[in-house]
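Please open the model in your viewer and keep the selection panel at hand. The tour below goes from one selection to the next and says what is found at each stop.

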Amino acid sequence: MLNLSAVMPLFVVVGAIVVARQAQTWQDVVVLGLGVVVVVVAFERWTVGEILRVAAPCLAVAAAVWPYGVFLTDGDAQGAYYALAVVGCLTVPQLPRHRAAAAIAVTAYVAVVGTLGPVVSGEVNATGLIVGVILPTGITAVLIGLMFPNKGFYDLAAELEETREREAELAVMRERMRFAGDLHDIQGHTLHVVKLKTALARKLLHTDTARVEQELREIYALVGDTITQTKELAYGQRKLNLTAELENARNLLEAAGIRVRVERRAEIDTPAIDLLAQVLRETTTNILRHSRATLARIELSRHGISVVNDGVEDGAPPKLRGLATLADRVSDAGGELTTRLEGGRFLTAAVVPAASPPARLPAT
């Protein structure tokens, strides 16, 4: 748009000047003016990257105007070769192939027509060759040659713009995947727990109504908490509390008949503590869903967490998409999440960077 508004008037003014200098009759004005029109059309299409759609007709008109100016008009021929020089420099470098051959052909055409002019008229002299052959040919060759690196620059700019757009699309896709993963962490976990508690309440419906009432209250509270977390996720405010997740994991596993041992080797000291909470939540869901565990051991270190559970059959481990997504997030945070199946026990371990030590004040 900047090229169109800044340069287009210049093309029109220059075209009007050279036509006025050469035209002797109204017919000359019309024909030479047609050359200026194709210059305007070609430049407008060039600015929007669609020059090839009008390349053939514009080149044909410009090529026809040039011999008209040489053979049928008197005086300087700037108005006649102006169209071919400009249209040629805009179209030839944009061709998909044979650009060099096309550039040579256009330049040779200008030279041949310019040479035939004084030969046909019988007025061959140095001045006529310079004005009618050397100048038009040289200007056409220079303009087309200058546009080749310009084409490379625009191609590079277009490639960079495409790359930026692709990166933006990838960023959007990554954000969508992250959101989907978080949504899975929240609602998938809750739905599985609700399913277990509902099954337990149904089993105890006629034998322990007090326990059934307790389970229903917990289901109600769990669903309410999930609604709150979903809203926080939607507004980017979700942060998991590791202590709360640890207590929740213990309660859920014990409710499923799984013994839980928790070992705290050190206090958690990492800014990515919410990632560890997500790992614990996802691991708890996987134990309930994919194993027949009887024992789960949770170990907390200064900047990591590990969970080992039994009740897993040896062989190919189950596909845990939630942990795979979390592994990418932990990796992005500079940490590492590993899983291993050995001897019927499944290990999930996550390590994240420790908090940076406080800066020391210089000694005085």
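Select T339 and T348 to begin with: in this predicted model, T339 stands opposite T348, which lies in strand β5. Widen the selection to residues 336-342, which form strand β4, and residues 345-351, which form strand β5, and you have two strands that pair in the antiparallel sense over 7 bridges. As you follow the side chains along either one, keep in mind that in a regular strand they alternate between the two faces of the sheet.

Next, move to the turn of this hairpin, where 2 residues lie between β4 and β5. Pick out G343 here, whose phi is positive, near 60°.

Now leave the hairpin and select residues 99-121, which make up helix α5. Within this helix, stop at V112; is it buried, or partly exposed? V112 counts as partly exposed, because its relative accessibility is 47%, and partly exposed covers the range between the 20% limit for buried and the 50% limit for exposed.

Add F71, L72, L116 and V120 to V112, and show the surface: together these five residues make a nonpolar patch of about 480 Å². Helix α5 gives the most to this patch, with 3 residues.

Finally, select the whole protein, which holds 10 helices and 5 strands. Its accessible surface comes to about 21300 Å², and carbon and sulfur atoms account for 61% of that area, while 38% of the 364 residues count as buried. If you display contacts between residues at least 6 apart in sequence, 73% of them join residues at least 24 apart.

Technical notes. Residues numbered from 1 in each chain as written. Predicted model: local features only at pLDDT ≥ 70, side-chain atom pairs only at ≥ 80, totals over all residues. Heavy atoms only, no water. Patch = residues over 30% accessible without salt bridge, like charges linked within 9 Å, V, L, I, M, F, W, Y side chains within 5 Å. Areas by Shrake-Rupley, 256 points an atom, 1.4 Å probe, with all protein chains shown as cover. Salt bridge = Lys/Arg side-chain N within 4 Å of Asp/Glu carboxyl O. Helix = DSSP H or I, 4+ residues; strand = E, 2+ residues; numbered from the N terminus. Buried < 20%, exposed > 50% of the residue type's maximum accessible area, 1.4 Å probe, protein only. Contact = heavy atoms within 4.5 Å. Pairing = 2+ DSSP bridges.
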